[in-house]
Amino acid sequence: MKKHLIKSIALFLIIFYGALLTGCRRSGNNKIKFVTSCYPVNIITLNLTENIEGVEVINMSENQNGCLHNFQIQSEDLKNIEKSTAFIINGAGMENFLNKVVYEIPKVKIIDSSIGINLIEEETECTHNHGDGEHHHHHHESNPHIWLSVENYIKQVQNVTNGLIIVDPTHEKTYKENCEKYIFKLNELKNQLSADLNELKGKDIITFHKAFSYFAKDFGLNIAGTINDEPENEPSAKQISAVINTIKEKNIKSIFTEPQYSSSSADIIAKETGVKIYTLDPAVTGENSKDSYINIMKENAKTLKSALN
Ligand SMILES: [Zn+2]
């Protein structure tokens, strides 16, 4: 208890000190600094801040090699967020770590990119050990991987644009122009993907984790199974054998791993069933370039075509 209190005070001092520094800096020059929680919203923000002088965009989780599911926020991250013009998040439950710390950053303006997006509700089975034996839970959660639907991603771009205009109204015109320009490209991408994937409608796919639900919904693919519902840990033997059964039952010929995670469980499944392994990228890491979301999605479409034809 006492230890916890000391920790809280220390954290408070760190944050307070951070706020003082910000105060000084802001009065000196009006530097705009956006912190993004993860890769998809980082790419959105890079596109929307094009041609705005002196703007800084920092991705909080750039060293994270995967989704934010088990992200541990550090005091350094909180300091960065505290000093930002706004903190831009994916939303839809991807930043669950914020629940525990949001009271420590009361003044931060948070832009939630998921507003107004219809979420897919899913049931996940979890096994936890609370020290008194293993517990099995069924979690009913919304799937946070909204950006893998291009339609949703376009909505996210619009939501972030609206947020940026509120926190930085001087650059309203440029934000709106950048938004239009990016959405034009994204509509082209959407049309191209629809044309490319049209012939694959109704096909079963097995992905690594539950990242592709929105993508599959957009293009009429059926997620027949996932290899690992908790991608930070190795999947259970039970989950692996469930996938193997699905592959045999549905006569599935290929499975998909993700570049961010180990393929060792997929290798086991391939050995057992003879399926071929391909890679689908959930766009949670990658190049720090404005077109990288578009490039990743095009590459995914190419992979699906060669794997499922
Ligand atoms: Zn994920």
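The largest nonpolar core of this predicted model has 88 residues, and those with the most contacts inside it are Leu186, Tyr293 and Leu304. A nonpolar core is a set of buried Ala, Val, Leu, Ile, Met, Phe, Trp, Tyr and Cys residues joined through side-chain atoms within 4.5 Å. Domain 1 (8-122 + 137-184) and domain 2 (200-308) both contribute residues to this core, so the core lies between them; the domain bounds come from an automatic or database domain assignment. In soluble globular proteins, nonpolar side chains tend to be buried together.

Two sentences on the source of the values follow. Residues are numbered from 1 along each chain as its sequence is written. In this predicted model, local features need pLDDT of at least 70, side-chain atom pairs count only at pLDDT 80 or more, and totals for chains, interfaces and linings use all residues, while side-chain values use heavy atoms, with hydrogens and water left out.

**The chain as a whole**

The protein chain has 10 helices and 10 strands. Helices (H or I, at least four residues) and strands (E, at least two) are DSSP runs, numbered from the N terminus. Of the 309 residues in the protein chain, 48% are buried. Buried means under 20% relative accessible area, exposed over 50%, and partly exposed in between (1.4 Å probe, protein chains only). Among contacts between residues at least 6 apart in sequence, 64% join residues at least 24 apart; a contact means heavy atoms within 4.5 Å.

**Residues in the interior**

Apart from its neighbours within four places in sequence, Tyr293 touches Ile43, Trp147, Leu148, Ser149, Val150, Tyr153, Tyr182, Leu186, Leu189 and Ala283. Met297 belongs to helix H10 (residues 292-308) and counts as buried because its relative accessibility is 0%. With neighbours within four places set aside, the contacts of Met297 are Leu148, Val150, Leu189, Leu193 and Phe215. Met297 and Leu193 are 104 residues apart in sequence, yet their C-alpha atoms are 8.1 Å apart in space.

Thr161 is part of helix H5 and is buried, at 4% relative accessibility. Beyond its neighbours within four places in sequence, Thr161 is in contact with Leu48, Tyr175, Lys176 and Cys179. The C-alpha atoms of Thr161 and Ile111 are separated by 9.5 Å, although these residues are 50 apart along the chain.

Why is helix H2 (residues 39-48) largely enclosed by the rest of the structure? In this helix 10 of the 10 residues are buried, so H2 is largely enclosed. Among the buried residues of H2 are Tyr39, Ile43 and Leu48. Their cover includes strand E1 (32-36), strand E2 (55-59), E3, helix H5 (150-167), helix H6 (172-197) and H10.

**The zinc site**

Which residues are the protein donors of the zinc ion? They are Cys67 (SG), His69 (NE2), His145 (NE2) and His209 (NE2), lying 2.0 to 2.3 Å from the ion. Donors are N, O and S atoms within 2.8 Å of the metal (3.2 Å for Na, K and Ca); water is not among the atoms, so sites may look incomplete. The angles among the 4 donor atoms are 104 to 115°, and the site is tetrahedral. Four donors count as tetrahedral if all angles lie between 85 and 135 degrees. Along the sequence, the donor residues follow the spacing C-x1-H-x75-H-x63-H. Cys67 is buried, at 3% relative accessibility, whereas His69 is partly exposed, at 29%.

**Cysteines without disulfides**

The structure holds 0 disulfides. A disulfide is counted for a pair of cysteine sulfur atoms within 2.5 Å. Cys38 is in no disulfide, and the nearest cysteine sulfur, that of Cys67, is 8.1 Å away. Cys38 is buried at 7% relative accessibility, and Cys179 is buried at 11%.

**Two residues with positive phi**

Most residues other than glycine have a negative phi. The table lists two alanines that have a positive value.

| Residue | Phi | Place | Relative accessibility |
|---|---|---|---|
| Ala92 | about 60° | loop between strand E3 (86-89) and helix H4 (98-101) | 11%, buried |
| Ala283 | near 55° | loop between strand E10 (276-279) and H10 | 1%, buried |

Ala283 also appears among the contacts of Tyr293.

Methods:
Four donors count as tetrahedral if all angles lie between 85 and 135 degrees; four count as square planar and six as octahedral if opposite donors are over 155 degrees apart and all others between 65 and 115; anything else is irregular.
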